[in-house]
Amino acid sequence: MAIKKKSMASSMNDELATRVLDQIPTPVFAVDMDMKLIFINQQGRTLLGKESKDALGHPCYSLFHSQHCETAECRMKTAMASGEPCTARNEAKIGDRVVPIEYTAAPLTDKNGKVVGGLEYILDITERVRDEKRLREQSRTIQEISTPAISLWEGIVVLPVLGVVDSLRAKQMMNAMLTKIKETAAKTIILDIQGVAAVDTAVANHLIKITKATKLMGCRCIISGISPAVAETLVQLGIDLGDVATNSSLRDALGDAFTFMNLEVKKAK
């Protein structure tokens with residue numbers, strides 16, 4: 001009688017475990033050492049569009065067709081070999097659909113701690129990937145707006161700079177300027193810093209690097225918009241801009257550029 005009660009209790013525990021796993025709102029499945037499915041919960045069956053009888057016993061790679069399947073990137077194999085859980089992003093091909101997923105694999109052990117297979121749960125990250133793509137596009141748009149390299153005249157490009165200049169912004173400015181020089185074959189580029197919040201040693205070093213990079217492309221760089229306060233700060237900090245051409249205003253810088261390029265602007269008669 002005691003043995004029968006123990007068997008009934010074990011059966012009830014198995015049923016409860018299955019119900020619990022079926023109610024987890026994400027696909028969960030387990031495989032044996034040959035990568036064949038020995039369990040898949042309700043969400044997993046829904047994802048595959050298959051009943052248990054049509055999925056169990058089949059290799060997981062024949063059902064999910066992910067980019068990692070049957071490669072060294074398979075985290076299930078890694079987890080089974082290392083005994084440690086592994087997480088990765090991937091794409092699974094389910095029927096005609098390609099689903100971006102994040103999956104975590106863990107070793108499945110028996111009561112003695114011996115690895116007898118693997119356990120994996122999958123998160124559909126379609127929305128997350130879509131949001132990340134949207135953020136990247138917005139970030140690219142903001143970068144383009146914050147570093148608008150403008151062809152002001154034939155051979156003359158102006159890059160007005162507003163706000164704070166840090167290492168990332170300086171890199172964006174340099175990329176924008178070098179790209180514009182290549183596109184327009186510009187010979188003079190004016191870096192107008194009138195709208196820069198503050199100029200310190202770091203900002204000055206960024207500006208010097210930008211002017212050197214433009215020089216390597218055969219383009220002369222003029223820094224304009226240096227206010228009295230900025231000039232005083234540069235002197236107090238002992239910053240030497242070297243042979244970098246500077247002007248107090250964009251108008252003066254443009255006149256300097258015309259002179260350098262042997263251009264003359266006259267009033268129409």
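**View A. Residues 81–137 in the predicted model, a stretch with 56% strand and 25% helix.** Welcome to this predicted model; we begin with residues 81–137, whose end C-alpha atoms are 40 Å apart. An unreviewed UniProt entry annotates residues 81–137 as "domain: PAC".

**View B. Residues 13–83, with 48% helix and 13% strand.** Here the C-alpha atoms at the two ends of the span lie 26 Å apart. The label for residues 13–83 again comes from an unreviewed UniProt entry, which gives "domain: PAS".

**View C. The protein chain with its ten helices and ten strands.** The radius of gyration is 32 Å, whereas the globule rule gives 18 Å for 269 residues, so the chain is more spread out than a compact globule. If you would like a feel for the dimensions, the C-alpha atoms fill a box of roughly 110 × 45 × 30 Å along the principal axes.

**View D. Contacts and burial in the protein chain.** Of the 269 residues, 35% are buried. Take the contacts between residues at least 6 apart in sequence: 56% of these join residues at least 24 apart.

**View E. Surface and charges of the protein chain.** The accessible surface comes to about 16700 Å², and carbon and sulfur atoms account for 55% of that area. As for charges, the protein chain has 34 positive and 32 negative ones, and the mean positions of the two sets are 2 Å apart.

Notes
Residues are numbered from 1 along each chain as its sequence is written. This is a predicted model: local features need pLDDT of at least 70, side-chain atom pairs count only at pLDDT 80 or more; totals for chains, interfaces and linings use all residues. Side-chain values use heavy atoms; hydrogens and water are left out. UniProt positions are given in the numbering used here, feature names are shortened, and annotations may be inferred rather than shown by experiment. Helices (H or I, at least four residues) and strands (E, at least two) are DSSP runs, numbered from the N terminus. The radius of gyration is taken over C-alpha atoms; the globule rule is 2.2 Å times the number of residues to the power 0.38. Buried means under 20% relative accessible area, exposed over 50%, partly exposed in between (1.4 Å probe, protein chains only). Contact means heavy atoms within 4.5 Å. Accessible areas come from the Shrake-Rupley method with a 1.4 Å probe; for residues, only the protein chains shown count as cover. Lys and Arg count as positive and Asp and Glu as negative; His and the chain ends are not counted. The place of a charge is taken as NZ of Lys, CZ of Arg, CG of Asp or CD of Glu.
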